[in-house]
Amino acid sequence: MWLAVTLAVGAFVVGLAPVADGDLWWHLAAGREMVRTRALLTVDPFSSGALGRPWIDVHWLFQLAVFGLHAAGGLTALVVAKGALVAAGALVVLSAVGRGAGSRIAFVLALLAALFAARGLLLLRPVIATLVLLAVFFSRLERHRVEGRAALLAPLPLLQIVWANVQGLSMLGPALVAAYTVGAAIATAFGDRPRFPFAERFASRADASRATRALLLTLALCVVACGVTPFGFGALVLPFKLLLRLAPAAGNIYAANVAENVPPFVVDRFAPGQFAHLSWYLGLTALALVAARRILLSHLLVLGGLVALALAANRNVLLLYWLGTPVTILAVTPALRRAARTWRLPRALRAAPIAALAGVLALASTAAAREPSLAAPAPWRAPVGSARVIASRAGDGGAIFAADQFGGYLIWTLAPRYKPYMDTRLVLRSADEFAEYLALVDEPARFDAWEERHPMTYAVLPVGYPDRYLGLIAHLYASPRWSLVSTDGAEVLFARSEAGARQDAVDLASPSTLDGLRGKIDQTYAHAPALAEAGRLQLATLALAVGQPAQAERALAGVTSPNAEAVRARCRLAAGDLDAAARTAEALLARDGDDASVLDLLAAVEARRGDATKAVALLRRALAVNPFDAEARRILETWEAPSHGAGTHD
């Protein structure tokens, strides 16, 4: 009993974090719109870029649920509900692990540690419902494998109908059933005493045959259930369409430019340590399977599929931890029992797992206690200030050019008066449209001509998280057609100048303006020094991007971290002090030789000095560290264009 309570409490606490995901907002807006119109959404009513296009909104049940919860208790209710669902799902998985104390302790410790390591992936999305449904499917399939009662499978097709109306990747349900079906079919084929090394454990061929028939029927019904949605065949095709977008293949613009679709070990190349826990997880899993000596075929198929999904896209690491952990524990349980019978461990060693479990709970509780308020979006993850300013300004509405991750919040707060051009519902956009959008961000010179064809009233962009929009921010700040009307240093709001925006433009060259922004950051995050420093860094980055290096250094007064030093080095480069910029950059590189942004900085210094060969080498080194380094790639592509010669590098 105490293990179940520990698991539930630990899983709940791990899930307690403010909303940091841009998808939730358009889910909430969809729920609100369905309640308002008393009808399902079949076309996009929210964005200017996809307005009126057919929308296979298979998340509609999730959207109604989160809108209802939000109406009752705001974001806090949603976060608490998320934690409760994660806890409930973890308890369901625990029921499938078995009754041995050793295996259950190992499972609880391993799952809580894995969830804590991947807590950044526990987003308030339909994936939370998927975790619970995966747990139920796995538990029922395991009990059927052990007990052989076909009635245990009866609820799965009904649950599959719910799943198909909650998340687009609901085909995970039939995939799980298929893995167990293959295992039972192999056992049937090999007879009563199979020699196949991964054979399922059945008392007889007849038992295996009965299990196979029951599983085949369940599989067929689950596949049919996937189509029981208001969208029919389109809903059946959608999961495969989404799966193809995860494939890390050359030319797959969705895999290369959506952060959560990037393979985890590629992420680790430019953000060292972010997925270090995955290496540990895979290594420990491999050791456990070697110790176990055998693994059931159904378990092997499940584990192999989850590993493949996790290696393809970092968003799937959570799924691997969720089901890969019980599969591994089930495989190693016999070895744990043999070890318990053979070895007499000292009392201190027997208490080690419990001590480790207490440590994980302490870490999770500390992390939850340090989180900002659950009643508001996570800092800088939603354009709260810009939306508030737009809502307060006069105007008849219009279109907004925004970062895709900002689009959902603008929909939630400003629809139907204003419509963002882009949001994270990329299923509504073709690859060419997404590529065009990214080109506008990466090559701001294209923006004016494009905007003449697609008139925008406002532009809302982030300074960091990611910093990909800095070039476009600089372009709009310098343009007479646009005025910066609001910023907190982390997000910027531009308005078209002809709409009378020039009179209230924010002047980032003014020391008093800069000091005011810096003071507001310090006041807002007085309780969280790390957040205050991050806010100052973003303000300095913004000032530097719009050509105000002195103001950028002013924003960093008193901040001495390596990140602050890197921004200062760029300020000195912008001011023409190449030697000071190089000294600072080399000192930073001596501390971390794989910092791509510092390599880019040194390349810029060498280019200014006229040493194009060294600059190109540094940029290639930066790209080797971070293949998604937009700055290095942009400069290299420009320099290597046929119209550029070796002597024109600057």
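This passage describes helix packing, two individual helices and two buried residues in a predicted model.

Helix α7, spanning residues 172-190, is a good place to start, as its contacts with two other helices can be described. Its partner α8 covers residues 205-225, and the axes of the two helices come within 8 Å and cross at roughly 155°. Because angles over 145 degrees count as roughly antiparallel, α7 is roughly antiparallel to α8. The crossing of this pair is left-handed. On the α7 side, the contact is built from P174, V177, A178, Y180, T181, A184, A185, A187, T188, A189 and F190, while α8 supplies R205, A208, S209, A211, T212, L215, L216, T218, L219, C222 and V223. Sorted by character, the residues of this contact comprise 16 nonpolar, 5 polar and 1 charged.

The other partner of α7 considered here is helix α13, residues 297-312; these two pack at an angle of about 145°, with their axes 7 Å apart. The α7–α13 crossing is right-handed. From α7, the residues involved are L172, L176, A179, Y180, V182, G183 and I186, and they meet L297, S298, H299, L301, V302 and L309 of α13. This contact divides into 10 nonpolar residues, 3 polar ones and no charged ones. Y180 appears in the contact with α8 and again in the contact with α13.

Further along the chain, helices α27 (residues 596-609) and α28 (residues 612-625) form another pair, with axes that come within 8 Å and cross at roughly 170°. That angle makes α27 roughly antiparallel to α28. Helix α27 contributes A596, L599, D600, L602, A603, E606 and A607 to the contact, and α28 contributes K614, A615, L618, L619, R621, A622 and V625. Here the tally is 10 nonpolar, no polar and 4 charged residues. E606, located in α27, deserves a closer look. With a relative accessibility of 9%, E606 falls under the 20% limit and therefore counts as buried. Setting aside residues up to four places away in sequence, E606 touches D611, K614, A615 and L618.

Two helices can also be taken one at a time. Helix α5 (residues 127-147) has 21 residues and reaches 30 Å from its first C-alpha to its last, close to the 30 Å expected at 1.5 Å a residue. Of its 21 residues, 16 are buried, so α5 is largely enclosed by the rest of the structure. Just after this helix, G148 adopts a positive phi of about 80°.

Helix α23 (residues 529-545) gives a similar check on geometry: its 17 residues should span 24 Å at 1.5 Å a residue, and the end C-alpha atoms are 24 Å apart, in agreement. Its buried residues are A532, A534, G535, R536, L537, Q538, L539, A540, L542, A543 and L544. Among the elements covering them are helices α21, α22, α24 and α25, together with strands β4 and β5. Just after α23, G547 takes a positive phi of about 85°.

Finally, A403 sits in the loop between β1 (398-402) and α18 (404-414). Its relative accessibility is 0%, so A403 counts as buried. Beyond its neighbours within four places in sequence, A403 is in contact with M422, Y437, V460, L461, P462 and Y469. The C-alpha atoms of A403 and P466 are separated by 9.5 Å, although these residues lie 63 residues apart along the chain.

Notes: Residues are numbered from 1 along each chain as its sequence is written. This is a predicted model: local features need pLDDT of at least 70, side-chain atom pairs count only at pLDDT 80 or more; totals for chains, interfaces and linings use all residues. Side-chain values use heavy atoms; hydrogens and water are left out. Axes are lines fitted to C-alpha atoms, for helices over the stretch in contact, and angles run from 0 to 180 degrees between N-to-C directions. Helices (H or I, at least four residues) and strands (E, at least two) are DSSP runs, numbered from the N terminus. Angles under 35 degrees count as roughly parallel, over 145 as roughly antiparallel, 65 to 115 as roughly perpendicular and the rest as oblique. A crossing is left-handed if the near helix is turned anticlockwise from the far one by less than a right angle, and right-handed if clockwise. Contact means heavy atoms within 4.5 Å. Ala, Val, Leu, Ile, Met, Phe, Trp, Tyr, Cys and Pro count as nonpolar, Asp, Glu, Lys and Arg as charged, and the others, Gly among them, as polar. The expected span of a helix is 1.5 Å times one less than its number of residues. Buried means under 20% relative accessible area, exposed over 50%, partly exposed in between (1.4 Å probe, protein chains only).
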